[in-house]
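Welcome! Have a look at the model below, then work through the exercises at your own pace.

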Amino acid sequence: MNKVLDEKQLKYDKAYLRMAFEWAKLSHCQRKKVGALIVKERMIISDGYNGTPSGFDNCCEDENNETRWMVLHAEANAILKVAASTQSTKNATLYITLSPCKDCSKLIHQSGIKRVVYAKEYKDTTGIDFLRKAGVQLLKLEIDETEQ
């Protein structure tokens, strides 16, 4: 890719990542709010944030302030949402505010997503390590808080 295309892609990457941060604000979780967008050919085909499954109480933490087992991660919600549509995630890009955990990284790879752009790194890098080994392109983008 040439420099002009790289700069243009970086502009889009930052814009979509900022949008993922906006999506994260919709989460009812108290400890951590995570947002995700799936983009294909510059079109948002799905979105998600971490939270409980449809029809359940929106409380994500238990009485000990631990995340309840039923909470779905943002990227899982986005992948499941697109699975119920006519869209395909093959060769798409996932924009996510926090790098994926090991369980979500399996879903990302298996769904055909080829690129992941994230802002912050999750404490356990097993998911990122797996995606790298699977050949998924990874880009950590520092987003200035004022840009969000």
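A disulfide is a pair of cysteine sulfur atoms within 2.5 Å. This is a predicted model, in which local features need pLDDT of at least 70 and side-chain atom pairs count only at pLDDT 80 or more, while totals for chains, interfaces and linings use all residues. Residues are numbered from 1 along each chain as its sequence is written, and side-chain values use heavy atoms, leaving out hydrogens and water.

**Exercise 1. Find the disulfide and describe its surroundings.**

Step 1. Searching the whole structure gives one disulfide. Its partners are Cys29 and Cys60, with an S to S distance of 2.4 Å.

Step 2. Turn to the torsion about the S-S bond of Cys29 and Cys60: it is about -75°, so this disulfide is left-handed.

Step 3. Now place the two ends. Cys29 sits in the loop between α1 and β1, and Cys60 in the loop between β2 (43-49) and α2, so named because helices (H or I, at least four residues) and strands (E, at least two) are DSSP runs numbered from the N terminus. The pair is 31 residues apart and links distant parts of the chain.

Step 4. Are these two cysteines buried or exposed? Buried means under 20% relative accessible area, exposed over 50%, and partly exposed in between (1.4 Å probe, protein chains only). Cys29 has 3% relative accessibility, so it counts as buried; Cys60, at 1%, counts as buried too.

**Exercise 2. Explain what keeps Cys59 out of a disulfide, then check Cys104.**

Step 1. The closest cysteine sulfur to that of Cys59 belongs to Cys60 and is 6.8 Å away, too far for a bond.

Step 2. Cys59 has 33% relative accessibility, so it counts as partly exposed.

Step 3. Cys104 is in no disulfide either, and its nearest cysteine sulfur, in Cys101, lies 3.8 Å away. With a relative accessible area of 4%, Cys104 is buried.

**Exercise 3. Work out which side of helix α3 is buried.**

Step 1. Helix α3 spans residues 102-110, and Cys104, Ser105 and Ile108 are buried in it.

Step 2. These residues lie on the same side of α3 because they cover an arc of only 105° around the axis (the arc is that of the directions from the helix axis to the C-beta atoms).

Step 3. Look for the cover, using contact in the sense of heavy atoms within 4.5 Å. The elements that cover the buried residues of α3 include α2, β3, β4 (115-120) and α4 (126-133).

Step 4. Finish just past the helix: α3 is followed by Gly112, which has a positive phi near 90°.
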